[in-house]
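Subject: Structure handover

Hello,

Here is the structure I said I would pass on. Please look it over before reading the notes underneath.

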Amino acid sequence: GKSKQGKATADASRATDNVSVSIELAEARFKPLMVVTACVVAFAHGSNDVSNSIGPFNALVEIYNHGTIRPGAAVPLWVLICGGV
């Protein structure tokens, strides 16, 4: 029959194979989630960049149109579109 050491080695080998399969399964299940997460972070980062550039530009538009920066004034749609382009 098999020795105790041989059986232990075979059991350890099967356990390692099971862990490898489990890791591959977990990675396969989380890959789509990681892609979605990366897209959301990229979108948020880009949105912040747009707001950083639109703020000063909108201040210039406000000063040009009204002579001052009005508190709580809405950003015109065309200014937002300029920021998106």
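The notes below go from the chain as a whole to single residues and pairs.

Please keep in mind that this is a predicted model.

Overall make-up

The protein chain has two helices and zero strands. Helix α1 covers residues 4–66, and α2 covers 77–84, with a loop between the two. Of the 85 residues in the protein chain, 7% are buried. The chain's accessible surface is about 7000 Å², and carbon and sulfur atoms account for 67% of that area.

Aromatic pair

The structure contains one aromatic pair. It is formed by Phe 57 and Trp 78, whose ring centres are 6.0 Å apart; the planes stand at 85 degrees, so the pair is edge-to-face. An angle over 60 degrees is what puts a pair in that class. Phe 57 belongs to helix α1 and Trp 78 to helix α2, so the pair ties together parts 21 residues apart in sequence. Phe 57 has a relative accessible area of 33% and is therefore partly exposed. Trp 78 is also partly exposed, at 46% relative accessibility.

Asn 58

Next to consider is Asn 58, which sits in helix α1. Is Asn 58 buried or exposed? Its relative accessibility is 10%, so Asn 58 counts as buried, the limit for that class being under 20%. Which residues does Asn 58 contact, once neighbours within four places in sequence are left aside? They are Val 75, Pro 76 and Val 79.

Val 75 and the nonpolar patch

Val 75, one of those contacts of Asn 58, is located in the loop between α1 and α2. With 33% relative accessibility, Val 75 counts as partly exposed. Val 75 also takes part in a nonpolar surface patch of about 510 Å², together with Leu 77, Leu 80, Ile 81 and Val 85.

Salt bridge

Searching the whole structure gives one salt bridge. Its partners are Glu 62 and Arg 70, whose side chains meet at 2.9 Å, N to O. That separation of 2.9 Å satisfies the cut-off, which is within 4 Å. Glu 62 is in helix α1, given that the helix spans residues 4–66. How do the two partners stand in terms of exposure? Glu 62 has a relative accessible area of 5%, so Glu 62 is buried. Arg 70, at 38% relative accessibility, counts as partly exposed.

Cysteines

How many disulfides does the structure hold? The number is zero. As for exposure, Cys 39 has a relative accessibility of 48% and therefore counts as partly exposed. Cys 82 falls in the partly exposed class as well, at 43%.

In brief, the pairs to look at are the edge-to-face rings of Phe 57 and Trp 78 and the salt bridge of Glu 62 and Arg 70. The patch that includes Val 75 is the surface feature to look at alongside them.

Regards

Technical notes: Residues numbered from 1 in each chain as written. Predicted model: local features only at pLDDT ≥ 70, side-chain atom pairs only at ≥ 80, totals over all residues. Heavy atoms only, no water. Disulfide = S-S within 2.5 Å. Buried < 20%, exposed > 50% of the residue type's maximum accessible area, 1.4 Å probe, protein only. Helix = DSSP H or I, 4+ residues; strand = E, 2+ residues; numbered from the N terminus. Contact = heavy atoms within 4.5 Å. Areas by Shrake-Rupley, 256 points an atom, 1.4 Å probe, with all protein chains shown as cover. Patch = residues over 30% accessible without salt bridge, like charges linked within 9 Å, V, L, I, M, F, W, Y side chains within 5 Å. Phe/Tyr/Trp six-rings, centres within 6.5 Å; stacked < 30°, edge-to-face > 60°.
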